[in-house]
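Got your viewer open and a hand on the mouse? Let's take a walk through this molecule, one selection at a time.

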Amino acid sequence: ILVDPFNLTGNFGRHETRTDFANVPDKQAPTRVSMSVPITLSCTSFTKDAIESSGKRAVALVTQMGKVVAILRDPEIYDN
């Protein structure tokens, strides 16, 4: 929906159209596939040591509030 509350385009009401789901194919969505995505994050030497010495293959990326937003599998950590 394109909103034009001040009718600047001169087409008041023409931009609101309903979606016609009758023409949507009934075909199933493709299967999900995991894909590698490069993520560059800075971390302290304390965090680097904790990740490397944990022996785990996955690391949770969390917000400051503790909500998990991503799982980093087999992370590669490089010195800069």
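Here is a tour in five stops. Keep in mind that you are looking at a predicted model.

**Stop 1: the hairpin.** Select residues 58–62, which make up strand β1, and then β2, residues 68–73. These two strands run antiparallel, and five bridges join them. To see the pairing up close, pick Val-62 and look across: Val-68 in β2 stands opposite. Now follow the chain around the turn. Five residues sit between the strands of this hairpin, and Gly-66 in the turn has a positive phi of about 90°.

**Stop 2: just past β2.** Click on Asp-74, in the segment after β2. What is the sign of phi at Asp-74? Phi is positive here, about 50°, although Asp-74 is not a glycine. That's worth a second look, because most residues other than glycine have a negative phi.

Keep Asp-74 selected and add Arg-57. The two form a salt bridge, with their closest N and O atoms 2.9 Å apart. Arg-57 lies in the loop between α1 and β1, while Asp-74 comes after β2, so this pair ties together parts that are 17 residues apart in sequence. Arg-57 counts as exposed because its relative accessibility is 60%, whereas Asp-74 is partly exposed at 43%.

**Stop 3: the helix.** How many salt bridges does a search of the whole structure find? Two, and another one is in helix α1, so select Lys-48 and Glu-52. Their closest N and O atoms are 3.2 Å apart. The two residues are four apart in the helix, which means about one helical turn separates them. Are they buried or exposed? Lys-48 is buried, with a relative accessible area of 18%, but Glu-52 is partly exposed at 47%.

**Stop 4: a nonpolar patch.** Turn on the surface and color Val-37, Ile-39 and Leu-41. Together they make a nonpolar surface patch of about 290 Å². Val-37 is in the segment before α1, the helix that spans 45–54. With 61% relative accessibility, Val-37 counts as exposed.

**Stop 5: the largest pocket.** Leave Ile-39 and Leu-41 colored and look for the largest pocket, which holds about 1,100 Å³ of space. It is lined by 27 residues, and the closest to its centre are Ile-39, Leu-41, Leu-72, Pro-75 and Glu-76. The elements giving two or more residues to this lining are α1, β1 and β2. Which of them gives the most? That's β2, with four residues.

Notes
Residues numbered from 1 in each chain as written. Predicted model: local features only at pLDDT ≥ 70, side-chain atom pairs only at ≥ 80, totals over all residues. Heavy atoms only, no water. Patch = residues over 30% accessible without salt bridge, like charges linked within 9 Å, V, L, I, M, F, W, Y side chains within 5 Å. Areas by Shrake-Rupley, 256 points an atom, 1.4 Å probe, with all protein chains shown as cover. Salt bridge = Lys/Arg side-chain N within 4 Å of Asp/Glu carboxyl O. Buried < 20%, exposed > 50% of the residue type's maximum accessible area, 1.4 Å probe, protein only. Pairing = 2+ DSSP bridges. 1 Å grid on protein atoms, 1.4 Å probe; cavity = no way out; pocket = protein on both sides within 12 Å on 5 of 7 lines; lining within 4 Å. Points joined across faces, edges and corners; volume = space filled by probe spheres on them.
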